[in-house]
Amino acid sequence: MDNSDPDLLPEGLEDRLPRDAATATRVMRAIHGTMHGHGYDRVMPPSIEFERSFAARMAGIQSRRMFRFVDPLSLRMMALRSDYTPQIGRLAETRLAEAPRPLRLCYAGQIVTIKPDGLNPAREKLQCGAELVGADNVAAAAEIVALAIEALQAAGASGVSVDFTLPDLVDTLAEKALPLDPSQIEAVRRELDTKDAGGLRDVGGEAYVPLLYATGEFDSAIEKLAAIDAKNANGGGALASRIKALREIAASLNGMARLTLDPSERHGFEYQTWFGFTLYAQGVRGPVGRGGTYRIAGNGAGEAATGFSLYPDALIDLLAANEPAEDRVFLPLGHDRDEAARLRSIGWRTVAALSDADSAEALGCTHVLGVGGPEKV
């Protein structure tokens, strides 16, 4: 028997009350408007699909993070969406397979995971983003990064910064430049993720230790990375094309945001290939988005794509706390309906009295509709 409080929400889930919900609506509208303006068409996939559709679409998707259950109709395992990107991949490869490339798609909605991510306790989050399918080059990457920055700024974010990374760094170097036994690769990745120089040496990755220090402000960090790559006796220049691409992407942004580099960062880049980036904003705790290049059907197969996902909940919390309350006009009983309609058409919000007991003050209105128009309370 369940004796829990019927009004208690499960851990990691929360309501958004009117003020926060209004800010969320404005933020999502601004983000979508930016993507729409750059030619990205919105799609709306279902929140539930067959588990296999999610898990098999792209490398790195972990179905164990999804809420799963058996469909009573098909008797197949289904899953609740934990990431939009595999669904965009499904649409691109099926119903939009014949659409011209590059294909520009965008999305917005809720995602749910079984466990929270890192220090963020939320298990339900807003996710919105854009995917550029059929293009995997510097121009596509530059467009996606610039669009993500512009969308955040349109939503009200300030002090946006972008941290670049190379998700396939270890795989690229392990082939020849800094050779590793296949059994060592995952351990080296893990120690790079934790920034543990001692741990790297312990697992046979001493040659990778200098990469831990090729981080920080983009211009200085990219020079350190280039120097490490150039002096590698086993195959200098293994990263040359990636370094050149990063420099071109950074130059194309022309000061839109602060740029940093951490070439060995892999957290949150489970399916990205040669390029990845993380977005931050002033006053917002943790990342507000991630993106990069990937392949829809997994590593080495399927169609190439570049995209980003924004997670604006923390930004919404910050903005909602500082946004002024909206003006609202109280409409007394017997008010002029034509005038009320005119006010709404030019942007006013109106609240109509339903009885003599209603008042502007009780209903939180800032104005009252008088003979000459809205009068301040």
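Two strands count as paired here if DSSP finds at least two bridges between them. Keep that in mind while walking through this model, which is a predicted one.

Let's start with the sheet of 3 strands. This sheet is open, its strands run in the order 2-4-3, and the pairing is antiparallel. At the edges stand strand 2 (48-50) and strand 3 (68-70), each with a single partner strand, so one side of each has no neighbour in the sheet. From one strand to the next, the twist averages 35°. Strand 2 is joined to strand 4 (residues 77-80) by 3 bridges in the antiparallel sense, and if you look along that pairing you'll find Ile-48 opposite Leu-80 of strand 4.

While you're there, have a look at Ala-79, which also lies in strand 4. Is Ala-79 buried or exposed? Its relative accessibility is 0%, so Ala-79 counts as buried, the cut-off being under 20%. Setting aside neighbours within four places in sequence, the residues in contact with Ala-79 include Ser-47, Ile-48, Glu-49 and Glu-51, along with Phe-54, Met-66, Phe-67 and Arg-68. Phe-69 sits 10 residues away from Ala-79 along the chain, and their C-alpha atoms are separated by 6.5 Å.

Now for the other sheet. Here 9 strands form an open sheet in the order 1-5-6-12-11-10-7-9-8, and the pairing is mixed. The edge strands, each pairing on one side only, are strand 1 (41-42) and strand 8 (216-217). As a reminder, strands of a sheet pair through backbone hydrogen bonds, either parallel or antiparallel.

Follow this sheet in from the strand 1 edge. Strand 1 pairs with strand 5 in the parallel sense, over 2 bridges, and Asp-41 has Leu-105 of strand 5 as its bridge partner. The next pairing goes the other way: strand 5 and strand 6 are antiparallel, with 10 bridges between them. One of the bridge pairs to pick out is Val-112 with Glu-124 in strand 6. Why call strand 5 largely enclosed by the rest of the structure? Because 8 of the 10 residues in strand 5 (residues 103-112) are buried.

Towards the other end of the strand order, strand 7 (residues 161-165) and strand 9 (residues 258-261) run parallel and are joined by 4 bridges. Asp-163 faces Thr-260 of strand 9 across that pairing. Carry on past strand 9 and you reach Arg-266, in the loop between strand 9 and strand 10 (272-280). Arg-266 has a relative accessible area of 22%, so it is partly exposed rather than buried, given that buried means under 20%. Not counting residues up to four places away in sequence, Arg-266 touches Pro-167, Arg-189 and Asp-193. For a sense of distance, take Arg-266 and Ala-341: they are 75 residues apart in sequence, and 54 Å apart in space from C-alpha to C-alpha.

That leaves the helices. Helix 8 (residues 218-230) and helix 9 (residues 240-253) have axes that come within 10 Å of each other and cross at roughly 165°. That angle makes helix 8 roughly antiparallel to helix 9. The crossing itself is left-handed. On the helix 8 side, the residues that meet helix 9 are Phe-218, Ile-222, Glu-223, Leu-225, Ala-226 and Asp-229, and across from them helix 9 brings in Ala-240, Ile-243, Leu-246, Arg-247 and Ala-250.

Helix 1 and helix 4 make another pair to look at. Their axes come within 8 Å and cross at roughly 145°, and this crossing is right-handed. Helix 1 contributes Arg-26, Val-27, Ala-30, Ile-31, Thr-34 and Met-35 to the contact, while helix 4 contributes Leu-147, Glu-150, Ala-151, Ala-154 and Ala-155.

Both of those helices turn up again around helix 10 (residues 313-320). Which residues of helix 10 are buried? They are Asp-313, Leu-315, Ile-316, Leu-319 and Ala-320. Look down the axis of helix 10 and these buried residues fall within an arc of 155°, so they line one face of the helix. And what covers them? The cover includes helix 1 (18-37) and helix 4 (138-155), together with strand 6 (124-133), the strand that pairs with strand 5 in the antiparallel sense.

Key
Residues numbered from 1 in each chain as written. Predicted model: local features only at pLDDT ≥ 70, side-chain atom pairs only at ≥ 80, totals over all residues. Heavy atoms only, no water. Buried < 20%, exposed > 50% of the residue type's maximum accessible area, 1.4 Å probe, protein only. Arc of directions from axis to C-beta. Contact = heavy atoms within 4.5 Å. Axes fitted to C-alpha atoms, helices over the stretch in contact; angles between N-to-C directions. Parallel < 35°, antiparallel > 145°, perpendicular 65-115°, else oblique. Left-handed = near helix turned anticlockwise from the far one by under 90°.
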